[in-house]
Amino acid sequence: MTTDRRHALTVLAEFLDGAPPFEPGHVWLVGAGPGDPRLLTLEAVHALASADVIVHDALVDPRILDLARREASLEYAGKRGGKPSAAQADITGRLVALAREGKRVLRLKGGDPFVFGRGGEEVLALAAAGVPFRVVPGLTSGLSGLAGAGIPATIRTVNQAVILATGHAGTAPDGLDWAALAATGQPIVLYMAAASLAPITAALIDGGLAPDTPAAFLARATTPDEAILVSTLGNLAAAVAEAGLEPPAIVAIGGIVAVRAELAALAASLEATR
Ligand code: SAH
């Protein structure tokens, strides 16, 4: 190990030692980030190294669980991955029961626990039950996945806002007003939109977005299985189907997506002059 690396690890260890203790009977709701274990927060590492029980979702990169104490028990409570999905009430009931047994309970969720992950519902239930809890933020996939792919969430020449939205309800009447989002002219980043990609992209075009608006599908962003497909709003659904890409995926729509190609072209021309 180099001296520089050793120095960094010593300082990191000091940060971890200074972290608040994980008390028995408490629940920590922790964001696991988008996938790559190196994108975990130090606080998440501390929580993984201290917890008695880890109640986790279907993580995009399961290597994160390698950081758990060897004595920790792992409980799957995710909603994907071919296993039966746990009802939300069962999950919160389980968290409360484990805390009352005096366990240090780590509720590990992908990305940031308060972005489309039902973390809000879970802490409300914990608070109502009188269980002490703490929330540890994580990098949300809708922003970190974009950055990792060379797509700035904001860039002054293109946008003044970015919309983070869920595509979960598709174009159902109780879902989002896609025309209203299109009318803002601001880039849209979609979570959970893979299953309804065709109707959502069509609704955005009906709402006034040009079919040639740049659009990207980022599957398993930041992991070794990452797949990035850049297309246009009008062609995205067909291109994703043709490529056989599958969720979990983030969809980015708007001029910010074109920056990725611009960066690649600049890098290539620099390379050529070297
Ligand atoms: N709390 C999470 C989002 C939970 S909803 C967060 O902040 O990121 C689950 C959705 O997140 C998935 O359907 C997918 O749209 C997105 N997602 C999470 N991790 C992802 C990744 N590594 N790559 C692409 N999409 C991801």
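**Close-up views of a predicted model**

**View 1. The ligand and its surroundings.** In this predicted model, the ligand is surrounded by 24 residues, and the closest are Gly 111, Gly 117, Thr 140, Ser 141 and Ala 221. A residue is near a molecule or strand if its C-beta atom, placed from the backbone, lies within 6 Å of it. Which elements each supply at least two residues of the shell around the ligand? They are α5 (141-148), β8 (214-219) and β10 (249-253). Helices (H or I, at least four residues) and strands (E, at least two) are DSSP runs, numbered from the N terminus. Sorted by class, the shell holds 13 nonpolar, eight polar and three charged residues. Here Ala, Val, Leu, Ile, Met, Phe, Trp, Tyr, Cys and Pro count as nonpolar, Asp, Glu, Lys and Arg as charged, and the others, Gly among them, as polar.

A note for all views: residues are numbered from 1 along each chain as its sequence is written. Because the model is predicted, local features need pLDDT of at least 70 and side-chain atom pairs count only at pLDDT 80 or more, while totals for chains, interfaces and linings use all residues.

**View 2. Two domains with the ligand between them.** The domain assignment splits the chain into domain 1 (3-139) and domain 2 (142-262), with bounds that come from an automatic or database domain assignment. Taken over C-alpha atoms, the centres of domain 1 and domain 2 are 28 Å apart. Nine residues from domain 1 and 10 residues from domain 2 take part in the contact, where two residues are in contact if their C-beta atoms, placed from the backbone, lie within 7 Å. On the side of domain 1 that touches domain 2, five residues are nonpolar, two polar and two charged. Where does the ligand's shell lie? Both domains give residues to the shell around the ligand, so it lies between them.

**View 3. Helices α1 and α2.** Helix α1 (residues 3-17) packs against helix α2 (residues 42-50) at an angle of about 65°, and their axes are 10 Å apart. Axes are lines fitted to C-alpha atoms, for helices over the stretch in contact, and angles run from 0 to 180 degrees between N-to-C directions. α1 and α2 are therefore roughly perpendicular to each other; angles under 35 degrees count as roughly parallel, over 145 as roughly antiparallel, 65 to 115 as roughly perpendicular and the rest as oblique. To form the contact, α1 brings Leu 12, Phe 15 and Leu 16, and α2 brings Leu 42, Val 45 and His 46. Five of these residues are nonpolar, one is polar and none is charged.

**View 4. Helices α3 and α4.** Helix α3 (residues 88-100) and helix α4 (residues 119-128) cross at roughly 45°, with axes that come within 10 Å. The two helices, α3 and α4, are therefore oblique to each other. Gln 88, Thr 92, Leu 95 and Val 96 of α3 meet Glu 121, Glu 122, Ala 125 and Leu 126 of α4. This contact of α3 with α4 has four nonpolar, two polar and two charged residues.

**View 5. Helices α7 and α8.** The axes of α7 and α8 cross at roughly 160° and come within 8 Å. That makes α7 roughly antiparallel to α8. Leu 197, Ala 198 and Thr 201 of α7 make the contact with Leu 236, Ala 237 and Val 240 of α8. The contact of α7 with α8 divides into five nonpolar, one polar and no charged residues.

**View 6. Two backbone details in loops.** Most residues other than glycine have a negative phi, and most peptide bonds are trans. Met 192 has a positive phi of about 50° although it is not a glycine; Met 192 sits in the loop between β7 (188-191) and α7 (197-206). Which residues does a cis peptide bond join? Pro 247 and Pro 248 are joined this way, with omega about 5°. Pro 248 belongs to the loop between α8 (236-243) and β10.
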